[in-house]
Amino acid sequence: MKKSVSNLNPLTKKNFITLLICVVIFAAVQFWQASGSMGSLYQGLLVPICIYVIMAVSLNLVVGYLGELSLGHAGFMCVGAYTSSLFSIMTQSTISNSLLRFAIAILIGGIFAAIFGVIVGIPVLRLRGDYLAIVTLAFGEIIKNLMNVLYVGVDNNGIHIAIEDSTKLNIDYTNGGKIILNGPQGITGTPRDSNFIIGFILVMITLIVIMNFVNSRTGRAITAIRDNRIAAASVGINVTKYKLIAFALAAFFAGVAGALYSHNTASLSATTKNFGYMMSIMVLVYVVLGGMASLRGSVIATIILYALPEVLRQFNDDINNYRMLIYAIILIVMMLINNNDTIKNKLNQFKNNKNKSPKGKEPETVKEAEV
Amino acid sequence: MALLEVKNLGISFGGLRAVDGLNLQIEKGTLYGLIGPNGAGKTTVFNLLTGVYKPTIGTFALDGEVLNGKSQAQINHKGIARTFQNIRLFSKMSVLDNVKVGLHNNCKYSAFAGVFRLPSYFKQEKAMNKEAMEILKVFDLDKEASVTAENLPYGKQRKLEIARALATHPKLLLLDEPAAGMNPNETEELMQTIRFVRDEFDMTILLIEHDMRLVSGICEQLTVLNFGMELAKGETSAVLNNPEVITAYLGE
Ligand SMILES: Nc1ncnc2c1ncn2[C@@H]1O[C@H](COP(=O)(O)OP(=O)(O)O)[C@@H](O)[C@H]1O
Ligand SMILES: [Mg+2]
């Protein structure tokens with residue numbers, strides 16, 4: 001009785017299965033790699049998939065659990081990418097242990113992104129619905145564009161930061177001074193510390209943290225705000241505060257994804273495709289198709305939808321011509337499965353029939369209705 | 001001193017004076033009824049007392065502390081909890097979680113402790129589960145603890161709203177048409193539950209209701225509103241026999 005009353009158990013089981021799926025996929029990929037038959041195309045997809053899984057899972061916190069539409073998630077990824085890269089380059093000579101350096105860089109990327117999340121969130125989270133979507137979109141673009149006019153250099157006198165022009169940095173080049181972030185050219189020479197194992201570990205950490213968060217007092221407050229803002233306030237929940245917490249935590253993990261991204265590329269620059277609205281919308285597509293407030297859905301949708309176009313690309317021309325068509329059809333099918341109640345009910349019925357006969361449940365619901 | 005002291009409270013929407021100079025004193029432990037025809041301003045009074053609307057004139061105080069101007073959340077912290085005429089549950093959350101959200105400020109642990117599953121998380125969650133189940137039991141909802149709120153039958157949803165409000169440990173409980181949509185059996189049962197809550201939790205309750213059987217059955221004092229203004233007030237039986245009340249409200 002006591003055990004069945006606590007709803008933690010089925011939830012824990014659900015989360016456990018999600019984590020298990022990730023581990024199984026990871027193990028399968030490890031086998032595949034070890035067998036030597038994994039082509040370079042697939043190798044190249046591994047870290048990006050981890051990056052976008054982290055993006056989708058964290059965005060789901062805002063869209064699925066908080067119930068607010070944010071179109072600026074890539075902006076926070078951008079902040080994480082740049083700040084972590086700057087840190088890694090500056091400390092490359094002082095911190096020799098690359099793993100330790102990368103771990104700190106990831107934390108710094110996450111923390112700066114979270115700070116931006118709070119700065120953006122304070123004015124923006126007063127808005128709702130379409131307004132919030134538009135303003136977050138704008139903020140994401142502003143962050144991206146800011147990085148394109150930012151110049152950062154170091155010399156013996158310390159760190160120099162300027163806007164618009166590298167000459168304004170006043171760097172003393174004679175003593176090994178150099179520009180690290182060179183406006184639109186971005187950052188070159190970030191140590192390539194990212195790899196699939198680190199990516200996988202970060203995915204697991206993100207999942208566990210967000211699962212625990214959602215299934216805690218704070219997470220319940222956030223879900224309550226989504227379900228009914230006025231009722232949540234009426235039971236003493238500070239709506240703005242909890243919205244901000246969710247937004248900042250999601251931004252933190254976007255920053256972590258950004259760090260993974262910038263340490264996986266030789267030269268980092270901010271474009272519409274990597275940190276602009278295109279990316280924000282792509283991640284939103286993963287979240288929506290994977291299912292609101294379904295972390296497992298976000299993981300699976302991201303893997304399928306990110307890998308699919310790339311995988312289809314390598315087949316012969318016949319299939320390649322239909323690449324986008326196949327992609328579109330899969331998008332539509334996933335959308336139908338996730339957001340169509342009739343299909344959902346059918347699927348659930350199917351599940352119930354398979355698992356256990358629904359007879360055990362029926363009298364209970366009848367009794368409910370009678371009272 | 002009365003628990004709730006409302007002085008000259010009023011609000012206008014454009015030209016409409018939805019509530020106009022309301023005075024109300026509710027003693028601790030009273031079951032107080034607020035009645036009146038549709039559109040009289042009853043729900044608006046609740047919205048004023050819970051901070052959904054800010055009053056244009058007047059003040060209200062709970063236990064001597066002036067609360068007008070404070071936010072919804074702050075007013076709840078000070079001890080006023082409510083239910084809604086149009087049910088507002090956390091519809092996608094379980095029945096148990098709905099009550100646990102109500103317990104939010106009574107069993108505290110940090111977000112950090114929640115994420116990293118520190119001992120305080122387990123301790124407080126256990127305490128929350130225990131108390132939430134006890135509250136659910138009062139409303140005969142304990143067997144539905146894991147049901148999603150939106151799947152509850154209507155009458156039980158109304159009860160769950162009361163349970164959730166009670167979980168915030170209020171001093172004053174505001175119930176907006178708790179029996180709306182219930183059949184006579186359910187209403188009878190609800191009357192007993194409301195009385196039980198008052199006695200067991202030592203609660204002060206202000207309720208809006210149209211069901212005269214419920215009003216005359218459990219309310220000790222009444223205020224009748226008409227066009228935002230007080231029409232009559234006093235002992236239930238006296239008010240219900242007031243000829244003015246009968247013509248303005250009961251007669252129609
Ligand atoms: N937010 C609002 N804006 C404009 N008019 C309102 C608002 N809330 C309530 N009213 C008006 O105030 C009057 C009283 O409404 P209400 O308090 O809901 O009545 P009831 O006594 O039936 O609960 C009605 O005429 C209603 O239309
Ligand atoms: Mg009303």
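Helix H1 of chain B is the top contributor to the shell around ligand 1, putting in three residues. That helix spans 42–49, and together with strand S2 (16–26) of chain B it belongs to the elements that each supply at least two shell residues. The model here is a predicted one, with an ipTM of 0.94 and a pTM of 0.89 for the complex. Chain B comes out with an average pLDDT of 94, and 98% of its residues score at least 70.

As for who sits around ligand 1, the list includes a run along chain B: Pro37(B), Asn38(B), Gly39(B), Ala40(B), Gly41(B), Lys42(B), Thr43(B) and Thr44(B). Phe13(B), Leu16(B), Ala18(B) and Tyr53(B) are also in the shell. Sorted by character, the shell residues split into six nonpolar, five polar and one charged.

Next come the polar contacts, where oxygen atoms of the ligand turn up repeatedly. Thr44(B) uses its side chain: an N or O atom there is 2.5 Å from an oxygen atom of ligand 1. Gly41(B) works through the backbone instead, with a polar backbone atom 2.9 Å from a ligand oxygen. Ala40(B) also brings in its backbone, where an N or O atom lies 3.2 Å from an oxygen atom of ligand 1. With these contacts in place, how much of the accessible area of ligand 1 does the protein cover? On its own, ligand 1 has 560 Å² of accessible area, and the protein covers 63% of that.

Terms used: Residues numbered from 1 in each chain as written. Chains lettered and ligands numbered in written order. Predicted model: local features only at pLDDT ≥ 70, side-chain atom pairs only at ≥ 80, totals over all residues. Heavy atoms only, no water. pLDDT = per-residue confidence, 0-100. Near = heavy atom within 4 Å. Polar contact = N/O pair within 3.5 Å; in protein donor to acceptor, adjacent residues only side chain to side chain. Areas by Shrake-Rupley, 256 points an atom, 1.4 Å probe, with all protein chains shown as cover. Helix = DSSP H or I, 4+ residues; strand = E, 2+ residues; numbered from the N terminus. Nonpolar A, V, L, I, M, F, W, Y, C, P; charged D, E, K, R; others polar.
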